[in-house]
Amino acid sequence: MTSIKLGLARLNPKSLSMFTRNVLKNMDGNANFPTPTPALADVTTKLDEFEDLALQAQFRDGRAILYRNKAGDELKDMLRTLGAYVSMVAEGDASIIVSAGFEVRSQSEPTPPLSDPTDLSATRSNRSGKVELDWETVKHALNYVVEMTTTDPVSPTAEWINAGTTSRSKFTVDNLEPGTYYWFRVKAFGRRDNSGYSDPAVVMAA
């Protein structure tokens with residue numbers, strides 16, 4: 001559901017004045033908002049007060065700046081209440097929110113399901129008992145779990161054991177038995193779900 005975006009904290013006095021004038025212009029006579037809360041007349045009165053004080057504050061008068069800031073905070077509070085009213089009326093309809101002169105908050109797209117890791121390769125290292133693995137990066141994956149077995153994966157008795165976890169699309173396995181064949185597979189894990197396993201890769205440890 002679309003929600004309203006205020007962003008009032010980042011507005012300087014000039015921007016706050018322009019933003020408020022635009023909201024008042026868009027909401028005046030807008031059939032979507034028959035009973036604005038607070039009343040547009042009250043917001044206009046507070047805006048006029050704020051703009052008068054902002055002019056006085058240009059002369060670097062400390063008291064004028066203090067009063068301007070106080071009026072600005074009060075105006076922002078009124079805009080927040082008005083924004084809540086617009087949001088209630090709009091019920092998530094972005095076109096109604098925009099018709100009032102407010103912005104809509106961008107909605108993050110749901111993260112798609114993780115794809116299975118592909119192109120897994122296992123390379124025997126020059127060092128005894130060491131194998132280098134690498135595979136294609138899986139989009140949105142946070143980490144990967146590497147598993148290995150010394151039994152042909154097509155066998156129903158194959159038992160996979162955890163070889164380690166990494167956040168990169170490569171991994172080094174140490175302490176393997178030289179002359180032994182090892183099969184490896186990889187699974188990706190994301191923020192909310194996980195992928196299936198990659199196709200196995202086999203290599204004989206040096």
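A polar contact of 2.9 Å joins the side chains of Glu147 and Arg185, and I should like to open with that pair. Please bear in mind throughout that we are looking at a predicted model.

Arg185 belongs to strand β8, which covers residues 181-189. Is Arg185 buried or exposed? Its relative accessible area is 17%, and the cut-off for a buried residue is under 20%, so Arg185 counts as buried. Leaving aside residues up to four places away in sequence, Arg185 touches Leu120, Val145, Val146, Glu147, Trp160, Tyr197 and Ser198. Glu147 is therefore both one of the residues that Arg185 touches and its partner in the polar contact.

A second arginine offers a contrast. Arg191 lies in the loop between β8 and β9, the latter being residues 194-197. With a relative accessible area of 68%, Arg191 is exposed. From the C-alpha atom of Arg191 to that of Val131 the separation is 29 Å, and the two residues are 60 places apart along the chain.

Val131 brings me to the sheet. Three strands make up an open sheet in the order β3-β4-β7, and their pairing is antiparallel. Which strands stand at the edges? They are β3, residues 121-124, and β7, residues 170-173; each has a single partner strand, so one side of each is left without a neighbour in the sheet. On average, neighbouring strands here are turned by 20° against each other, with direction ignored. As a general reminder, strands of a sheet pair through backbone hydrogen bonds, in either a parallel or an antiparallel manner.

Let us follow β4, residues 131-134, to its partners. Between β3 and β4 there are 4 bridges in the antiparallel sense, and 4 bridges also join β4 to β7, again antiparallel. Glu132 of β4 is the bridge partner of Thr123, and in β7 the bridge partner of Glu132 is Thr172. Val131, for its part, stands opposite Val173 in β7.

The side chains of β4 are also instructive. In a regular strand, side chains alternate between the two faces of the sheet. Along β4, Val131 and Leu133 point to one face and are buried, whereas Glu132 and Asp134 point to the other and are not buried. The connection between β3 and β4 is a hairpin with 6 residues between the strands, and Gly129 in the turn has a positive phi of about 75°.

I turn now to the helices, beginning with α1. This helix has 15 residues and reaches 21 Å from its first C-alpha to its last, close to the 21 Å expected at 1.5 Å a residue. Its buried residues are Leu16, Ser17, Phe19, Thr20, Val23, Leu24 and Met27. Viewed down the axis of α1, these buried residues fall within an arc of 165°, so they line one face of the helix. Lys14, Met18 and Lys25 are exposed on the other side of α1. What do the buried residues of α1 pack against? They pack against α2 and α3. Just after α1, Gly29 takes a positive phi of about 80°.

Helix α2 comprises 18 residues, 40-57, which should span 26 Å at 1.5 Å a residue; the end C-alpha atoms are 25 Å apart, which agrees. Buried in α2 are Leu40, Val43, Lys46, Leu47, Phe50, Leu53, Ala54 and Ala57. They cover an arc of only 145° around the axis, which puts them on the same side of α2. On the other side of α2, Ala41 and Thr45 are exposed. The cover over the buried residues of α2 includes α1, residues 13-27, and α3, residues 62-90.

Finally, some notes on the backbone. Most residues other than glycine have a negative phi, and most peptide bonds are trans. Where is the cis peptide bond that I wish to point out? It joins Thr37 and Pro38, with omega at about 0°, and Pro38 is in the loop between α1 and α2.

Two residues that are not glycines have a positive phi. His140, at about 75°, lies in the loop between β4 and β5, the latter being residues 143-149. At 39% relative accessibility, His140 counts as partly exposed. Asn175, with a phi of about 60°, lies in the loop between β7 and β8. Asn175 is exposed, its relative accessible area being 78%.

Conventions
Residues numbered from 1 in each chain as written. Predicted model: local features only at pLDDT ≥ 70, side-chain atom pairs only at ≥ 80, totals over all residues. Heavy atoms only, no water. Pairing = 2+ DSSP bridges. Helix = DSSP H or I, 4+ residues; strand = E, 2+ residues; numbered from the N terminus. Axes fitted to C-alpha atoms, helices over the stretch in contact; angles between N-to-C directions. Buried < 20%, exposed > 50% of the residue type's maximum accessible area, 1.4 Å probe, protein only. Polar contact = N/O pair within 3.5 Å; in protein donor to acceptor, adjacent residues only side chain to side chain. Contact = heavy atoms within 4.5 Å. Expected span 1.5 Å × (residues − 1). Arc of directions from axis to C-beta.
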